[in-house]
Amino acid sequence: MMRHYDCKNYINLDCEKGMCALSKNSLPIDGDTSKACSSFRQAEKCGNCKKFINPDKYGIGTCTGLEKENWAYATCGAFACPGYKAV
Ligand code: SF4
């Protein structure tokens, strides 16, 4: 399911909620009302980068896109990462 949390327009406010940059509405991070709308645009995250491999059940995988391989979280924001390659 696509969630607000994974959208480029989502602005994180705290550990429970954020705001939509388009509508300015307050949005929950998860739960029944966290489903994205039709304006959803996938945000750059390690989890949707070609260089992110072998994630475990917690979403912790290996980044192979930078000089040295290292562990990474799938949910980590990657908009400023020089190694990011969209899947
Ligand atoms: S999915 Fe829609 S409502 Fe949610 S953050 Fe993105 S644009 Fe805003």
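**Reading a two-domain, all-strand model**

User: How is the chain divided into domains?

Analyst: Domain 1 covers residues 1-42 and domain 2 covers residues 44-87. This is a predicted model. Between the C-alpha centres of domain 1 and domain 2 the distance is 21 Å. Along the principal axes, the C-alpha atoms of the chain occupy a box of roughly 40 × 25 × 20 Å.

User: How many helices and strands does the chain have?

Analyst: There are 0 helices and 6 strands. Along the sequence the order is β-β-β-β-β-β.

User: How should I read strand pairing, and which way do β1 and β2 run?

Analyst: Start with the general idea. In a regular strand, side chains alternate between the two faces of the sheet. Now the case here. Strand β1 (residues 10-12) and strand β2 (residues 17-20) run antiparallel and are joined by 3 bridges. Tyrosine 10 faces cysteine 20 of β2 across the pairing. The connection from β1 to β2 is a hairpin of 4 residues.

User: In which sense do β2 and β3 pair?

Analyst: The pairing of β2 with strand β3 (residues 26-28) is antiparallel, with 3 bridges. Glycine 18 has leucine 27 in β3 as its bridge partner. A hairpin with 5 residues between the strands links β2 and β3, and lysine 24 in that turn has a positive phi of about 65 degrees.

User: Which residues surround the ligand?

Analyst: The residues around the ligand are His4, Cys7, Asn9, Tyr10, Cys20, Leu22, Ser23, Leu27, Ala36, Cys37, Ser39 and Phe40. Two of the bridge positions discussed above recur in this list: Tyr10 and Cys20 stand opposite each other in the β1-β2 pairing, and both belong to the shell. Leu27, the partner of glycine 18, is also among the residues around the ligand.

User: What classes of residue make up the shell around the ligand?

Analyst: The shell has 8 nonpolar and 4 polar residues, and no charged ones.

User: What share of the chain is buried?

Analyst: Of the 87 residues, 14% count as buried. As for contacts with a separation of 6 or more, 42% are between residues 24 or more positions apart.

User: Why does alanine 86 count as exposed?

Analyst: The test is a neighbour count, with 12 or fewer C-beta atoms within 10 Å giving exposed. Alanine 86 counts as exposed because it has 9 C-beta neighbours inside 10 Å.

User: Where is alanine 86 in the chain, and how far is its C-alpha from that of asparagine 48?

Analyst: Alanine 86 is in the segment that follows β6 (70-73). Its C-alpha atom is 6.2 Å from that of asparagine 48, although the two are 38 residues apart along the chain.

Technical notes
Residues numbered from 1 in each chain as written. Predicted model: local features only at pLDDT ≥ 70, side-chain atom pairs only at ≥ 80, totals over all residues. Near = placed C-beta within 6 Å. Nonpolar A, V, L, I, M, F, W, Y, C, P; charged D, E, K, R; others polar. Domains from an automatic or database assignment. Buried ≥ 20, exposed ≤ 12 C-beta atoms within 10 Å, placed from the backbone. Contact = placed C-beta atoms within 7 Å. Pairing = 2+ DSSP bridges.
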